[in-house]
Amino acid sequence: MAAQPARPAPAPAPSSDSYSSYEHSNNEPDQVDELLDAINRRAKELNQQRKAASRSTPETSATPSPPPPEPKTAVCKNCGASKNVAGGEKAVCDYCGTVLS
């Protein structure tokens, strides 16, 4: 039977002194609380400004925009081909290049 490779020994657990706790992080708890308070105050200011801006914005007119023109079928006078064209617009015949209206 073949010998099995030796397993590496598990790494030793780090001592508790090697981890920085919340109190020993770059930001002290009081500083974190102050930063959160400043962020919350700024968020409230921005919300108030947004609400004030929305109140001062004039209402858009209630008149709906006119519906788009109905497409019409134009017949080419040169070759007799037909093409759907939006009402009042000009197009070019796909076959001979004649301007359709």
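**Note on a predicted model with one helix and four strands**

1. D30 is part of helix α1, which covers residues 29–56. The structure is a predicted model, and this point starts with the helix. D30 is exposed, its relative accessible area being 57%. On the surface, D30 joins D33, E34 and D37 in a patch of negative charge.

2. The overall layout is brief to state. The secondary structure consists of one helix and four strands, and along the sequence these follow the pattern α-β-β-β-β. The protein has 101 residues, of which 7% are buried.

3. Helix α1 also holds a salt bridge, in which the side chains of R42 and E45 meet at 3.2 Å, N to O. Both residues lie in α1, three residues apart, or about one turn of the helix. How exposed are R42 and E45? R42 has a relative accessible area of 43% and is partly exposed. E45, with 40%, is partly exposed too. Each value falls between the limits of 20% for buried and 50% for exposed, and therefore both residues are placed in the class in between.

4. Strands β1 (residues 71–75) and β2 (residues 82–86) pair in the antiparallel sense, with five bridges between them. One of the residues involved is K72, whose bridge partner in β2 is V85. The two strands form a hairpin, and six residues separate them. In the turn, G80 has a positive phi of about 85°. As background, side chains in a regular strand alternate between the two faces of the sheet.

5. How many salt bridges does a search of the whole structure find? The search gives two. Besides the pair in the helix, the side chains of K83 and D94 meet in a salt bridge at 3.1 Å, N to O. This pair links distant parts of the chain, with K83 in strand β2 and D94 in the loop between β3 (91–92) and β4 (99–100). The two residues are 11 apart.

6. Are K83 and D94 exposed or partly exposed? K83 has a relative accessibility of 25% and counts as partly exposed. D94 has a relative accessible area of 60%, which is over the 50% limit, so D94 is classed as exposed.

7. To sum up the charged residues: D30, D33, E34 and D37 form the negative patch, R42 and E45 form a salt bridge, and K83 and D94 form another.

Definitions and conventions:
Residues numbered from 1 in each chain as written. Predicted model: local features only at pLDDT ≥ 70, side-chain atom pairs only at ≥ 80, totals over all residues. Heavy atoms only, no water. Patch = residues over 30% accessible without salt bridge, like charges linked within 9 Å, V, L, I, M, F, W, Y side chains within 5 Å. Areas by Shrake-Rupley, 256 points an atom, 1.4 Å probe, with all protein chains shown as cover. Salt bridge = Lys/Arg side-chain N within 4 Å of Asp/Glu carboxyl O. Lys, Arg positive; Asp, Glu negative; His and termini not counted. Charge placed at Lys NZ, Arg CZ, Asp CG, Glu CD. Buried < 20%, exposed > 50% of the residue type's maximum accessible area, 1.4 Å probe, protein only. Pairing = 2+ DSSP bridges.
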